[in-house]
Amino acid sequence: MTTTRLPSAGFSITIRIGVTADASAIGRLTTCVGEAGAIVTALDVVDSDPTTVIVDLTCDTADSNHADQVVKSLTALDGVDVRKVSDRTFLLHLGGKIEVTPKVALRNRDELSRAYTPGVARVCLAIAENPADARRLTIKRNTVAVVTDGSAVLGLGNLGPAASLPVMEGKAALFKRFGGVDAWPVVLDTQDVDEIVSIVRAIAPAYGGINLEDIAAPRCFEIEAKLRDLLDIPVFHDDQHGTAIVVLAALTNALRVVGKRLADVKVVVSGAGAAGTAIMKLLLRQGVGDIIAYDRAGALHRGLADGNPAWQWLAENTNKENYSGDLPGAIRGADVFIGVSAPNLLTGDDIAGMAKDSIVFALANPDPEVDPREARKYAAVVATGRSDQPNQINNVLAFPGVFRGMLDAHAEEFTEEMALAAAQAIADVVGEDKINPTVIVPSVFDSRVATAVAAAVRAAAQNPAPAPAADPGPADLPEIAATAAAPTAPLANNTN
């Protein structure tokens, strides 16, 4: 029994096993797990006696079914007693992943009188007199709301607010770990655009920024546009802008590896939802040679029957040759493929038909649009959204630093100039002398990333470029929610 899918730490299990105490016992266990297609990551002896050894065997599997198969294979071995199986991901989530802790000591009456009544009244009056002081004297200075309606959770679809909470907790934890930003999940039991906008507007005084997360397209475009008009704090949809920033950073370095210029390349993007649309708009802003957008309706081309304004805008502003065929045909001869869509859409043979020194970003999670092992046979540079593969395109490279920079600058909005500055900062952290086909983005644990991104965003906020001409793109089309069919689900964030 084997699996063709890639094992991942996201499906790691620990199996407590009693096994006969002989010289070959441990070897039989690890061999069995390997033959089952899993990866042993740890093996610890818990207890023993003259006849039996108790071990905890930890391994990465491909999914829940694969984990069950691994356990069954071990159970079938002679002299093996499987006593308990623990799913390490579920163990990590027990009781949630974040908490609130005070920043000040409350050890005696003196400290309590300053932190709370009566001393706090003076601070309230100061803010009432000068509302701008809220950024200086309250959590607003460093706090972000992570807002979702649960309609596009990872790549899993419309799971609702309760099921979205583990992702939003993870997002908040990443904000703190990588950007020093205090973030809190705000999961809303409504998917009505106006109601979401009204709720977020009402809670905004407590926050220095709004991070929209896992809200399905096309609704996310309208929500973001309306909130930007209403609020005096930055509104940032990570599935759009965070993904676009990191993709542009990775593509900048990938093009350096293969010696091509963005202005000369043809890019095919599979997935014209929130992430794909933002990626394409940022690439267009940077002067990409050409883009073909592909989604459920096929290649987006002029004359497309679908009435979705977002897709129509892309059809009018991309695809110079007006290609209308299938995805394998679209990538034939293309320099770059970017997938933010669904698994297993392409084969290695399809990648072989791309241009020489091609670049493949297959970002669907957990299973990419093409098996990266097959893609690497033909493409010069391959990236995925997976943490267990080289060149992980992960939004955590962007959003902590972006919000750190916006909060530090007291920014009132997120701008395209900030996005471009953040992308360049991420690309430059690697260093032109360090990049190679397997290193086009820095590690998410590289401490320089958030600092560099924050500095770049802060500079862009404090020295804004002249306002560009009005962009007639999807974010500016309030009627989009009423007319558009739901595009492909956006890229999952691995934290996302």
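The paragraphs below go through two helices, two cis peptide bonds and several loop residues of a predicted model.

Helix α2 covers residues 64-75. With 12 residues at 1.5 Å a residue, α2 should span 16 Å, and the 17 Å between its end C-alpha atoms agrees with that. At the N-terminal end of α2, aspartate 63 acts as the cap. One of its side-chain oxygens lies 3.2 Å from the backbone nitrogen of asparagine 65.

Which residues of α2 are buried? They are His66, Ala67, Val70, Val71 and Leu74. Viewed down the axis of α2, the buried residues fall within an arc of 140 degrees, so they line one face of the helix. The general geometry of an α-helix is relevant here: there are 3.6 residues a turn, so residues three or four places apart point the same way. Asn65 and Lys72, on the other side of α2, are exposed.

The buried residues of α2 have several packing partners. Two of them are strands β1 (8-20) and β3 (52-61). Strand β4 (80-87) and helix α1 (25-35) also pack against these residues.

The pairing of α1 with α2 can be described further. Their axes come within 9 Å and cross at roughly 145 degrees, and the crossing is right-handed. On the α1 side, the contact involves Leu29, Cys32 and Val33. These meet Val70, Ser73 and Leu74 of α2. Val70 and Leu74 are also among the buried residues of α2.

Further along the chain, helix α9 takes up residues 219-230. Its 12 residues, at 1.5 Å each, should span 16 Å; the end C-alpha atoms of α9 are 17 Å apart, in agreement. Buried residues in α9 include the run Arg219, Cys220, Phe221, Glu222, Ile223, Glu224 and Ala225. Leu227 of α9 is buried as well.

The loop that leads into α9 from β7 (209-212) contains proline 218. The peptide bond joining alanine 217 to proline 218 is cis, with omega about 5 degrees. A cis bond is also found between threonine 117 and proline 118, where omega is near 10 degrees. Proline 118 is in the loop between α4 (109-115) and α5 (120-129). As background, most peptide bonds are trans, and most residues other than glycine have a negative phi.

Backbone phi sets apart two further loop residues. Aspartate 357 is not a glycine, yet its phi is positive, at about 55 degrees. Aspartate 357 sits in the loop between α14 (348-352) and β13 (359-362). Is aspartate 357 buried or partly exposed? Its relative accessibility is 33%, so aspartate 357 counts as partly exposed.

Asparagine 391 likewise has a positive phi, about 60 degrees, without being a glycine. It belongs to the loop between β14 and α16. At 5% relative accessibility, asparagine 391 counts as buried because buried means under 20%.

The loop between β14 (381-384) and α16 (399-408) also holds asparagine 395. Asparagine 395 is buried, with a relative accessible area of 1%. Which side chain does asparagine 395 join in a polar contact? The partner is threonine 243, and the contact is 3.1 Å.

Terms used
Residues numbered from 1 in each chain as written. Predicted model: local features only at pLDDT ≥ 70, side-chain atom pairs only at ≥ 80, totals over all residues. Heavy atoms only, no water. Helix = DSSP H or I, 4+ residues; strand = E, 2+ residues; numbered from the N terminus. Expected span 1.5 Å × (residues − 1). Buried < 20%, exposed > 50% of the residue type's maximum accessible area, 1.4 Å probe, protein only. Arc of directions from axis to C-beta. Contact = heavy atoms within 4.5 Å. Polar contact = N/O pair within 3.5 Å; in protein donor to acceptor, adjacent residues only side chain to side chain. Axes fitted to C-alpha atoms, helices over the stretch in contact; angles between N-to-C directions. Left-handed = near helix turned anticlockwise from the far one by under 90°.
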